[in-house]
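Open the model in your viewer and keep the selection tool at hand. Each stop below says what to select and what is there.

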Amino acid sequence: MPPIRIAILMGALLSLPTAARAIPQFESPPVHPIDLSADGSTLLVTHLADHRLAVFDVAGPVPVLVNEIPVGLDPVTVRVRTATEAWVVNHLSDTISIVDLTLGSVVRTLQVGDEPTDVVFDAAGQRAFVCVSQEDVLRVWDLGDLSAVPITIPLTGSDPRSLALTPDGQSLWVTVQESGNETTAIHFETVTENGGLPAPTPAMDAGLPAPPQTALIVRHDGQHWVDEIARSWDAEVPYRLYDHDLFRVDLATASVVQTVRGVGTTLFNVGVHPISGDLWVSNQEAINEVRFEPNLQGRFVDNRLTRVSANGSIVQPGSLNPHINYGNPVGSAAERAQSLSIPTDVVVSASRAEVYVAAFGSRKVGAYDLNGSPIRRYDVGLGPAGLALDDATDRLFVYNRIA
């Protein structure tokens, strides 16, 4: 099968006057900044820097900009609801702009809560589920009566970020951006009172003065809080951390029915296979408990793609960069040219049995098979942060945030 065609959205979004682009901006993170209409003819892109929704005609081979619609401040997500209506999530305004695409204007604004990030609609078209990151909740609106008080679903996690429906339309998955990795810090006085820090590895130069007493990061191994020499700190840490990476919300009851752990430290987005319901989550895993630069040599997070089974019972983290030889920290130009960093958006193709990951820090989109093995890389430009896949026409649209 030939490589999928890539449409890179760059120059068309830079048609604003220079003065408008020069205004300093609060930097909000794109979440789902690009979406296709159901018939694949219209592409919508959130223009963060100028607080607009860009509308493209993509019926032909090249996207054509046909409209720019002012919305709220820092639009990070757009979702098409009907052939004539789209919802834009404004991170800084704490609002959602409901856009009539025929009129080319906002027809209603919803106040949704502190720093919303994403929105999805149930299959029946009766409710909207809004992710509110700074309140750690989902809010549910009745689409038949938007003036009614929404239902609030609490989430035991920090900064919920992105949403995805299951193929059967019965559940909703929520990713948590700052979910953590089951590490915590022991106060330096407590460390001193309990035997002090582990000996430095590698050993210190004998001519150096004694090191200062510092705090110590420990990780929970599933049973105990331990440091790098397997010393238990349970007596000093009388708690467990949630480490809730994914929440599954039952749409019928509007309640959390499952949490999933071990997906990653910092989660970005989630793609769902439209048939099997398996999930692929773009994430980074921190190794913050490892001490001393010679043990790290520039490697402080791993960029990953984690596969989660449709029922959430199997979690399989995989590296985006299995080609890297971490035993040789100097690396090579060829090795660096293939590497992907800061994986933002992710989408899944059923027809190709492939997963596409936008690598914000690498100017690339990576294509992987359903087992997480790399297939190819696409060079797409500065800051790829959003993907929209049209499986029917074998096209992938890429939004470059920096370009």
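Start by selecting residues 364-369 and 374-379, the strands β27 and β28. The two strands form a hairpin, with four residues between them. Colour G372 in that turn: its phi is positive, at about 85 degrees. The pairing of β27 with β28 is antiparallel and runs over five bridges. To see one of these pairs, pick Y368, whose bridge partner in β28 is P374. Bear in mind throughout that this is a predicted model.

**Strand β7 and its partners**

Next, select residues 85-90, which make up strand β7. Is this strand buried or exposed? Six of its six residues are buried, so β7 is largely enclosed by the rest of the structure. Turn the strand to look at each face in turn. On one side are E85, W87 and V89, and on the other are A86, V88 and N90; both faces are covered.

Now add β6 to the selection. β6 and β7 pair in the antiparallel sense over six bridges, and they form a hairpin with two residues between them. Within this pairing, V78 has V88 of β7 as its bridge partner.

Then add strand β8, residues 95-100. Six bridges join β8 to β7, and the two strands run antiparallel. Here W87 is matched with I98, its bridge partner in β8. The hairpin of β7 and β8 has four residues between the strands, and D94 takes a positive phi near 60 degrees.

**The nonpolar cores**

Keep W87 in the selection and add L43, I96, L110 and V119. Of the 29 residues in the largest nonpolar core, these five touch the most other members. The strand that gives the most to this core is β11 (residues 127-132), with three residues.

Centre the view on L110. Which residues does L110 touch, leaving out those up to four places away in sequence? They are W87, D94, T95, I96, I98, W141 and L146. Two names here were met a moment ago: W87 and I98 are bridge partners.

Another core, of 15 residues, lies apart from the largest one; L138, L155, V176 and V249 are among its members.

**The largest pocket**

Hide the sticks and show the surface. The largest pocket has a volume of about 1,200 Å³. It is lined by 41 residues, and H32, D35, R79, L165 and V272 are the closest to its centre. Select these five to find the place. The elements that give two or more residues to the lining include β6 (75-82), the partner of β7 seen earlier, along with β2 (34-36) and β14 (160-165). By class, the lining of this pocket divides into 23 nonpolar, nine polar and nine charged residues.

**The second largest pocket**

Move on to Q297, G298, R299, I324 and Y326. Of the 24 residues that line the second largest pocket, these are the closest to its centre. The volume of this pocket is about 510 Å³. Three elements to colour are α3 (293-296), β23 (301-308) and α4 (333-338), which give two or more residues each to the lining. The lining of the second largest pocket has 10 nonpolar, 10 polar and four charged residues.

**A three-stranded sheet**

Select β16, β17 and β18. These three strands form an open sheet in that order, with antiparallel pairing. The edge strands, which pair on one side only, are β16 (183-186) and β18 (225-226). Strand β17, residues 216-220, is joined to β18 by two bridges. In one pair to look for, H220 has W225 of β18 as its bridge partner.

In the loop between β17 and β18, click on H224. With a relative accessible area of 34%, H224 is partly exposed. What is H224 in contact with, leaving aside neighbours within four places in sequence? The contacts are R219, S232 and D234. D234 is 10 residues from H224 along the chain, and their C-alpha atoms are separated by 6.1 Å.

**Last stop**

Finish at L65, in strand β5 (residues 64-70). L65 counts as partly exposed because its relative accessibility is 29%, and the buried class ends at under 20%. Draw a distance from its C-alpha to that of D394: the two residues are 329 apart in sequence and 21 Å apart in space.

Terms used. Residues are numbered from 1 along each chain as its sequence is written. This is a predicted model: local features need pLDDT of at least 70, side-chain atom pairs count only at pLDDT 80 or more; totals for chains, interfaces and linings use all residues. Side-chain values use heavy atoms; hydrogens and water are left out. On a 1 Å grid over the protein atoms alone, a cavity is a set of points where a 1.4 Å probe fits but cannot get out, and a pocket is an open set with protein on both sides within 12 Å along at least five of seven lines; lining residues have an atom within 4 Å of a point. Grid points are joined across faces, edges and corners, and a volume is the space filled by probe spheres set on the points. Ala, Val, Leu, Ile, Met, Phe, Trp, Tyr, Cys and Pro count as nonpolar, Asp, Glu, Lys and Arg as charged, and the others, Gly among them, as polar. Two strands pair if DSSP finds at least two bridges between them. A nonpolar core is a set of buried Ala, Val, Leu, Ile, Met, Phe, Trp, Tyr and Cys residues joined through side-chain atoms within 4.5 Å. Buried means under 20% relative accessible area, exposed over 50%, partly exposed in between (1.4 Å probe, protein chains only). Contact means heavy atoms within 4.5 Å.
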